[in-house]
Amino acid sequence: MDKDELIAAIKEIAAPYTADKTALAHLSEKTDFITDLKINSANLVDIVLDLEEKFGIEIDNDAMARMLNVKSTVEIIEAKMRAHDRK
């Protein structure tokens with residue numbers, strides 16, 4: 001799965017939790033979940049759980065704390081998938 005596919009998957013998963021649909025339409029690596037998409041911290045946890053389920057990975061608390069924007073989320077998912085020898 002390439003970076004664009006990961007970003008598309010993140011966009012799809014974040015959509016139900018996003019208050020700012022205009023920002024969601026322009027989601028990119030620079031997008032911050034809390035500042036740009038107006039997602040609250042409880043829903044951010046829901047997004048992480050949904051990402052774990054979609055990609056079959058486990059995201060520990062340290063990684064979850066760094067997943068505040070799309071770029072870091074993509075990097076963490078890619079690292080977890082590499083660790084499981086999947087791409």
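1. A sensible place to begin is Asp36, whose place is in the loop between H2 and H3. The model is a predicted one, and in it Asp36 counts as partly exposed because its relative accessibility is 30%, a value that lies between the 20% limit for buried and the 50% limit for exposed. If residues up to four places away in sequence are not counted, Asp36 touches Asp20, Ala23, Lys30 and Thr31. Its C-alpha atom is 9.3 Å in space from that of Ala19, although Asp36 and Ala19 are 17 residues apart in sequence.

2. The loop between H2 and H3 also holds Lys38, and here the backbone deserves a look. Most residues other than glycine have a negative phi. Lys38, which is not a glycine, has a positive phi, near 60 degrees.

3. Turning to helix H2, which spans residues 21-25, one finds Thr22 within it. Thr22 counts as exposed because its relative accessibility is 54%, and the cut-off for that word is over 50%. The C-alpha atom of Thr22 is separated by 24 Å from that of Lys54, a residue 32 places apart from Thr22 along the chain.

4. The packing of helices comes next, and a general remark may help here. Two packed helices are described by the angle between their axes and the distance between the axes. For helix H1 (residues 3-14) and helix H5 (residues 70-83), the axes come within 10 Å and cross at roughly 115 degrees, which means that H1 is roughly perpendicular to H5. In this crossing, which is right-handed, H1 passes H5. On the H1 side the contact is made by Lys3, Leu6, Ile7 and Ile10, and on the H5 side by Val70, Thr73, Val74, Ile77, Glu78 and Met81. Sorted by class, the contact of H1 with H5 has seven nonpolar residues, one polar residue and two charged residues.

5. H1 also meets H3, and the axes of these two helices come within 10 Å and cross at roughly 130 degrees. H1 and H3 are therefore oblique to each other, since an angle over 145 degrees would be needed for roughly antiparallel and one of 65 to 115 degrees for roughly perpendicular. The crossing of H1 and H3 is right-handed. The residues that meet are Leu6, Ala9, Ile10, Ile13 and Ala14 in H1 and Ile47, Asp50, Leu51, Lys54 and Phe55 in H3. By class, the contact of H1 with H3 divides into eight nonpolar residues, no polar residues and two charged residues.

6. Which residues have the most contacts inside the largest nonpolar core? They are Leu51, Phe55 and Ile77, in a core that has 26 residues. The elements that give two or more residues to this core are H1, helix H2 (21-25), helix H3 (41-55) and H5, and the largest share, six residues, comes from H1.

7. Two buried residues show these helix contacts in more detail. Leu6 lies in helix H1 and counts as buried because its relative accessibility is 1%, where buried means under 20%. Leaving aside neighbours within four places in sequence, Leu6 is in contact with Met1, Phe55, Val74, Ile77, Glu78 and Met81. The C-alpha atoms of Leu6 and Val70 are separated by 9.5 Å, although these residues are 64 places apart along the chain.

8. The second of them, Thr73, lies in helix H5. Is Thr73 buried or exposed? Thr73 is buried, because its relative accessible area is 1%. Once its neighbours within four places in sequence are left aside, Thr73 is in contact with Ile10, Phe33, Leu51 and Met67.

9. The last point concerns Asn69, which lies in the loop between helix H4 (61-66) and H5. Asn69 counts as partly exposed because its relative accessibility is 25%. Not counting residues up to four places away in sequence, Asn69 touches Glu29, Thr31, Asp32 and Phe33. Asn69 and Lys30 are 39 residues apart in sequence, yet their C-alpha atoms are 6.8 Å apart in space.

Note on methods
Residues numbered from 1 in each chain as written. Predicted model: local features only at pLDDT ≥ 70, side-chain atom pairs only at ≥ 80, totals over all residues. Heavy atoms only, no water. Axes fitted to C-alpha atoms, helices over the stretch in contact; angles between N-to-C directions. Helix = DSSP H or I, 4+ residues; strand = E, 2+ residues; numbered from the N terminus. Parallel < 35°, antiparallel > 145°, perpendicular 65-115°, else oblique. Left-handed = near helix turned anticlockwise from the far one by under 90°. Contact = heavy atoms within 4.5 Å. Nonpolar A, V, L, I, M, F, W, Y, C, P; charged D, E, K, R; others polar. Core = buried A, V, L, I, M, F, W, Y, C linked by side-chain atoms within 4.5 Å. Buried < 20%, exposed > 50% of the residue type's maximum accessible area, 1.4 Å probe, protein only.
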